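These are my notes from going through one structure. I kept the entries short.

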Amino acid sequence: MPYKIKIKNRIEKIEILNQNDTLYQVNIGDKTYLFDVVKVENGVYSVLYNGKSTNMEMIEADKPNKYIVNTRNNDYQIEIIDVKSHYREISDGALNKDDTIILSPMPGKIVKIPVKQGDKVEKGETLIVVSAMKMESEYKSPANGIVSKIFVKEGVNINGNQPLIEIELINQN
């Protein structure tokens, strides 16, 4: 299952393709890497890549899914953006300024689309209702805006990470 990792302002999609004992084949963005990872102790890992060894310490930060990763030369603050966190953000209507496309966090079925392309919507207004894992979830508008595109129709099955609706945000100064 792919994850998104946020380091500073950069977000990368990460997916473990294969694991054999301590060897991990990992996609990061659009590149594939082979890492040899050994857990030294709780929260401390030795990572071998291209013949170079790096020790990394992962410390939980003040919020869930946030960590401080220490290496010999650098400290990194990272956030693991998992499906549940991403789902909660979207269903609460929280999208980044640049993130105007609402994605499905998991496979499901479109139950209802109470808006049409061109509709003006208010922050918190329901845009689409999806049924997944025997539950219906409402996806709400992250801000005042206009529905610029609807990518799906009622009654269709959808995949995880599939675009559902695009909102053109209205700048409120």
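Entry 1, salt bridges. I looked up Lys116 and found its side chain in a salt bridge with that of Asp119, at 3.9 Å from N to O. The model is a predicted one, and I read the distance with that in mind. I then checked how far each partner is open to the outside. Lys116 counts as exposed, at 56% relative accessibility. Asp119 has a relative accessible area of 22% and is partly exposed; it does not count as buried because that term needs a value under 20%.

I searched the whole structure for others, and the search gave 3 salt bridges. One of them joins Arg10 to Glu12, with 3.2 Å between the closest N and O atoms. Arg10 is exposed at 52%, whereas Glu12 is partly exposed at 22%. Another links the side chains of Glu138 and Lys140, at 2.9 Å from N to O. Here I noted Glu138 as partly exposed, with a relative accessible area of 40%, and Lys140 as partly exposed too, at 24%.

Entry 2, the sheet. Glu138 and Lys140 took me to β13, which spans residues 135–140. In what order do the strands of this open sheet lie? I read the order as β13-β12-β10-β15, 4 strands with antiparallel pairing. The edge strands are β13 and β15 (157–158), and each of these pairs on one side only.

I went through the pairings next. β12 and β13 are antiparallel and share 6 bridges. Within that pairing, Thr126 stands opposite Lys140 of β13, the residue I had already listed in a salt bridge with Glu138. The two strands form a hairpin with 2 residues between them. I checked the turn and found Met133 there with a positive phi of about 50 degrees.

On to β10, residues 108–112. This strand runs antiparallel to β12 and is joined to it by 3 bridges. Lys112 stands opposite Val129 in β12.

Entry 3, the core. Which residues have the most contacts inside the largest nonpolar core? I listed Ile110, Leu127, Ile128, Leu164 and Ile165, in a core of 15 residues. Two strands, β12 (126–132) and β16 (163–169), each supply at least two residues of this core.

I picked Ile128 and looked up what it touches, leaving aside its neighbours within four places in sequence. Its contacts include Ile110, Leu164 and Ile165, which are also on my list for the core. Ile128 also contacts Lys112, Ile113 and Pro114. From β13 (135–140), I noted Ser137, Glu138 and Tyr139 as contacts of Ile128. Val152 is one more of its contacts. Glu138 thus turns up twice in my notes, as a contact of Ile128 and as the salt-bridge partner of Lys140.

Entry 4, Asp75. I looked up Asp75 last and found it in strand β8, residues 75–81. Is Asp75 exposed or buried? I have it as exposed, at 58% relative accessibility; the label applies because the value is over 50%. Apart from neighbours within four places in sequence, Asp75 is in contact with Val69 and Asn70. I also took the distance to Met56, which is 9.5 Å from C-alpha to C-alpha. Asp75 and Met56 are 19 residues apart in sequence.

Key
Residues are numbered from 1 along each chain as its sequence is written. This is a predicted model: local features need pLDDT of at least 70, side-chain atom pairs count only at pLDDT 80 or more; totals for chains, interfaces and linings use all residues. Side-chain values use heavy atoms; hydrogens and water are left out. A nonpolar core is a set of buried Ala, Val, Leu, Ile, Met, Phe, Trp, Tyr and Cys residues joined through side-chain atoms within 4.5 Å. Buried means under 20% relative accessible area, exposed over 50%, partly exposed in between (1.4 Å probe, protein chains only). Contact means heavy atoms within 4.5 Å. Two strands pair if DSSP finds at least two bridges between them. A salt bridge is a side-chain nitrogen of Lys or Arg within 4 Å of a carboxyl oxygen of Asp or Glu.
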